[in-house]
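This report looks at how selected helices are packed and at one patch on the surface. Please keep the sequence and the model in view while reading.

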Amino acid sequence: MRSHLGHAGAELLSYLRADPGLTLVAYSPLLGGAYSREDKPLPPDYDHPGTPARLAVLREVAKETGASVNQVVLAWQIGGTLPVIPLAGASSVAQLEENLAAVDLELTEDQRARLDAAH
Ligand SMILES: NC(=O)c1ccc[n+]([C@@H]2O[C@H](COP(=O)([O-])OP(=O)(O)OC[C@H]3O[C@@H](n4cnc5c(N)ncnc54)[C@H](OP(=O)(O)O)[C@@H]3O)[C@@H](O)[C@H]2O)c1
């Protein structure tokens, strides 16, 4: 069974915001593949009343950019105002290539704002 360390909530993010010397290393940034795979449920703290709206915008932005939902998730983490390094895992070369390509995906301000606002 997969263990889950919890999400980066308001307290952790404000701690990060308060000290410019800190960088957040995000463990399991793709939730083990749950964003894109029907067979993998979201961890309980990611499955809340705002989840369907967030997933809908995530899929919308993926469609607009031509990227996968996993790439949008990683690009959102990499390109935000707070320093975040996603420690993504991969079980195949195809997954690794897909995930690495997220480095080249730049979300527009509008896309980022829509992702942040959906909850
Ligand atoms: N120290 C700790 O307590 C701790 C805790 C958690 C994580 N970590 C570290 O963080 C690293 C990453 O954690 P994680 O493996 O949970 O990260 P993750 O990136 O959330 O999940 C990786 C898994 O997601 C699936 N996946 C990845 N890319 C995919 C894609 N493009 N499409 C569909 N599925 C995809 C694969 O699962 P399948 O195998 O099912 O295909 C892959 O093994 C670990 O290696 C570990 O070093 C440390």
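Is T51 buried or exposed? In this predicted model, T51 is buried, with a relative accessible area of 6%, which lies under the 20% limit that defines a buried residue.

## T51 and its surroundings

T51 belongs to helix α2, and when residues up to four places away in sequence are set aside, T51 touches L42 and Y46. T51 is also listed among the buried residues of α2, together with L55, V57, L58, V61 and A62. These buried residues cover an arc of only 160° around the axis, which puts them on the same side of α2.

## Helix α2

Helix α2 spans residues 51-65 and has 15 residues, reaching 21 Å from its first C-alpha to its last, which is close to the 21 Å expected at 1.5 Å a residue. On the side of α2 away from its buried residues, P52 and K63 are exposed.

The cover over the buried residues of α2 includes α3 and α5. After α2 comes G66, a residue with a positive phi, near 80°.

## Helix α5

Helix α5 runs over residues 109-117, and its buried residues are Q111, R112 and L115. Seen down the axis of α5, these buried residues fall within an arc of 95°, so they line one face of the helix. An α-helix has 3.6 residues a turn, so residues three or four places apart point the same way.

The face of α5 that is turned away from the buried side carries E109 and A117, both of which are exposed. What covers the buried residues of α5 includes α2 and α3, the latter made up of residues 69-78. Helix α2 thus appears in the cover of α5, just as α5 appears in the cover of α2, and α3 is named in the cover of α2 and in that of α5.

## A nonpolar patch on the surface

Which residues form the nonpolar patch on the surface? The patch is formed by L5, V25, Y27, I85 and L87, which together have about 550 Å² of accessible area. Two strands contribute to this patch, since β1 (24-27) and β2 (84-87) each supply at least two of its residues.

Within the patch, V25 is found in strand β1. V25 is partly exposed, with a relative accessible area of 44%, a value that falls between the 20% limit for buried residues and the 50% limit for exposed ones.

Definitions and conventions
Residues are numbered from 1 along each chain as its sequence is written. This is a predicted model: local features need pLDDT of at least 70, side-chain atom pairs count only at pLDDT 80 or more; totals for chains, interfaces and linings use all residues. Side-chain values use heavy atoms; hydrogens and water are left out. Buried means under 20% relative accessible area, exposed over 50%, partly exposed in between (1.4 Å probe, protein chains only). Helices (H or I, at least four residues) and strands (E, at least two) are DSSP runs, numbered from the N terminus. The arc is that of the directions from the helix axis to the C-beta atoms. Contact means heavy atoms within 4.5 Å. Patches are made of residues with over 30% relative accessible area and no salt bridge: like charges are joined within 9 Å, nonpolar side chains (Val, Leu, Ile, Met, Phe, Trp, Tyr) within 5 Å. Accessible areas come from the Shrake-Rupley method with a 1.4 Å probe; for residues, only the protein chains shown count as cover. A salt bridge is a side-chain nitrogen of Lys or Arg within 4 Å of a carboxyl oxygen of Asp or Glu. The expected span of a helix is 1.5 Å times one less than its number of residues.
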